[in-house]
Number of protein chains: 2
Amino acid sequence: MSAGELRGRKPRADVQRNRAALLETAQRHFLQHGVGTSLEAVAKEAGVGPGTLYRHFPTREALLAAVLQTRSEELVARQADIEQLDDPAEALEQWLRAMEDYFSAFSGLPDPLMAAARAQEPDNPLTIPCDILISATDEYVRAAQLGGRVRVSVRGHDLFLAACSVAWIKGTGTEEEPLDRLRTLIASGYRERDNIQV
Amino acid sequence: MSAGELRGRKPRADVQRNRAALLETAQRHFLQHGVGTSLEAVAKEAGVGPGTLYRHFPTREALLAAVLQTRSEELVARQADIEQLDDPAEALEQWLRAMEDYFSAFSGLPDPLMAAARAQEPDNPLTIPCDILISATDEYVRAAQLGGRVRVSVRGHDLFLAACSVAWIKGTGTEEEPLDRLRTLIASGYRERDNIQV
DNA sequence: ATGCGTACGGAGGTAGCATCCGTTTTGCTG
DNA sequence: CAGCAAAACGGATGCTACCTCCGTACGCAT
């Protein structure tokens, strides 16, 4: 079907315009009201009818995935920075934080994300991003394990879940201080207890 | 307010009957469809009109709190068992598991629970249970800390959040195996690295 | 300029929430 | 036992949001 789009004639001007307007408006509404925001309101503010919104993005998840695609560029940028780091443990830590920020971009985002991570439905547009993130985390974990800084029993998926959890809590409106305490707790959980005393 | 109820004339028969029917039906629906279940459907199946439901329980949270009151008896029972234990670290672990089960009784329960735990609104009926649970956790933590089995930096509230997180993930439909890995990760985070080798 | 085909958009049917008020039930009192 | 006042009932109601369907309008290639 995507092949069909590519092979077909070039997209019409109004299609592109509407799609862009919808994405822009949707991102604003997701930011302000969370992922549960009214899609009718998004359509109206983007200056299109509900039908147009649903033709472009058949489900809420599809719209969400498209908006996140934009956001994921930021994540990739941070990833580039992180890969410059020498310390793999530091890299892992920053990567986890980057994921957490990504997950908590919109209030309520972790729920559909987790639903997609289960990934029984291969047509769920959020499934693919999740898989990529888990794989990436796995690599950071392995690198840090080679340096002996992270317990060998830990897997990327575990920390993916942990980051998701923290993002979820953040989305419920918890203060920053308890959040930081939880992050510390988790870090204590995955870090190898090292014998070097400072 | 409970004093007011006690001082007033005895409650009418239909009131008690309807309240019981609502609670019973609501619990079934929460179990089957999560906390977001249709209240209209609950009312209809309980054989009352919507108005009656909303008079008894003005908000979804109020109904939820009332249903949880029933469930909390089970928690108290487990608490009694746990307090028989000699090992405070074991007690803490079992308590965390008990809370987690309580939180994941209904899918979607952790969200309103966290909202109540923030507790700006003193009239939120879920706030009080949360406070009690946090306090209880704090005591288990302190007991285990006295035995040197739990890091001194850990607070009850931290583990309350952790238990909530795990319950949330469970509610999203994740398998048991990744959940258990996460629990292990958290346990590694709060346990004092002890030097005693078995 | 014209016509074809794609995309638009709003009307409309469905579902759930929360409220209000005329009616019914209850249990006390004479 | 009958009658009455208070209390509770319940459904009709207005609202918001979801999602679909189809007559219409618009963009583009000729």
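A quick term before we start: a polar contact here is a pair of N or O atoms within 3.5 Å; within protein, one must be able to donate a hydrogen and the other to accept it, and residues adjacent in sequence count only if both atoms are side-chain atoms.

1. Ground rules. This is a predicted model, where local features need pLDDT of at least 70 and side-chain atom pairs count only at pLDDT 80 or more, while totals for chains, interfaces and linings use all residues. Residues are numbered from 1 along each chain as its sequence is written, chains are lettered from A and ligands numbered from 1 in the order in which they are written, and side-chain values use heavy atoms, with hydrogens and water left out.

2. Chain A in outline. You'll find ten helices and zero strands in chain A (both are DSSP runs numbered from the N terminus, with helices being H or I of at least four residues and strands E of at least two). Going along the sequence, that reads α-α-α-α-α-α-α-α-α-α. The C-alpha trace of chain A spans about 65 × 40 × 30 Å along its principal axes. Of the 198 residues in chain A, 44% are buried, where buried means under 20% relative accessible area, exposed over 50%, and partly exposed in between, using a 1.4 Å probe and the protein chains only.

3. DNA strand D. There are 23 residues around DNA strand D, and A:Ala13, A:Arg60, B:Arg12, B:Asn18 and B:Arg55 come nearest (a residue is near a molecule or strand if one of its heavy atoms lies within 4 Å of it). Sugar and phosphate make up 60% of the atoms of DNA strand D that come within 4 Å of the protein.

4. Who holds the phosphates of strand D? Which residues have an N or O atom 2.9 Å or 3.1 Å from a phosphate oxygen of DNA strand D? For A:Ala13, a backbone N or O atom lies 2.9 Å from a phosphate oxygen of DNA strand D, and for A:Leu39 a backbone N or O atom lies 3.1 Å from one. With A:Ser38 it's an N or O atom in the side chain, 3.4 Å from a phosphate oxygen of DNA strand D. As for elements, α2, α3 (39–46) and α4 of chain A, together with α2 and α4 of chain B, give two or more residues each to the surface near DNA strand D.

5. Make-up of that surface. α4(B) gives the largest share of the surface near DNA strand D, five residues. Sorted by class, the surface near DNA strand D has seven nonpolar, eight polar and eight charged residues. For the classes, Ala, Val, Leu, Ile, Met, Phe, Trp, Tyr, Cys and Pro count as nonpolar, Asp, Glu, Lys and Arg as charged, and the others, Gly among them, as polar.

6. DNA strand C. Around DNA strand C there are 25 residues, of which A:Arg12, A:Asn18, A:Arg55, B:Ala13 and B:Arg60 come nearest. Sugar and phosphate account for 62% of the atoms of DNA strand C that come within 4 Å of the protein. Look at the arginines: an N or O atom in the side chain of A:Arg12 is 2.6 Å from a base oxygen of DNA strand C, and one in the side chain of B:Arg12 is 3.1 Å from a base oxygen of that strand. The side chain of B:Arg60 instead has an N or O atom 2.4 Å from a phosphate oxygen of DNA strand C. The largest share of the surface near DNA strand C, five residues, comes from α4(A), and by class that surface has seven nonpolar, nine polar and nine charged residues.

7. B:Gln145. This residue sits in helix α8 (residues 127–146) of chain B and counts as buried, at 18% relative accessibility. A polar atom of the B:Gln145 side chain lies 2.8 Å from the backbone oxygen of B:Arg151, and there is also a distance of 3.3 Å from a polar atom of that side chain to the backbone oxygen of B:Val152.

8. Cysteines. How many disulfides are there over all chains? The count is zero, a disulfide being a pair of cysteine sulfur atoms within 2.5 Å. B:Cys130 makes no such bond because the closest cysteine sulfur, in B:Cys164, is 6.8 Å away, too far. Both are buried, B:Cys130 at 1% relative accessibility and B:Cys164 at 0%.
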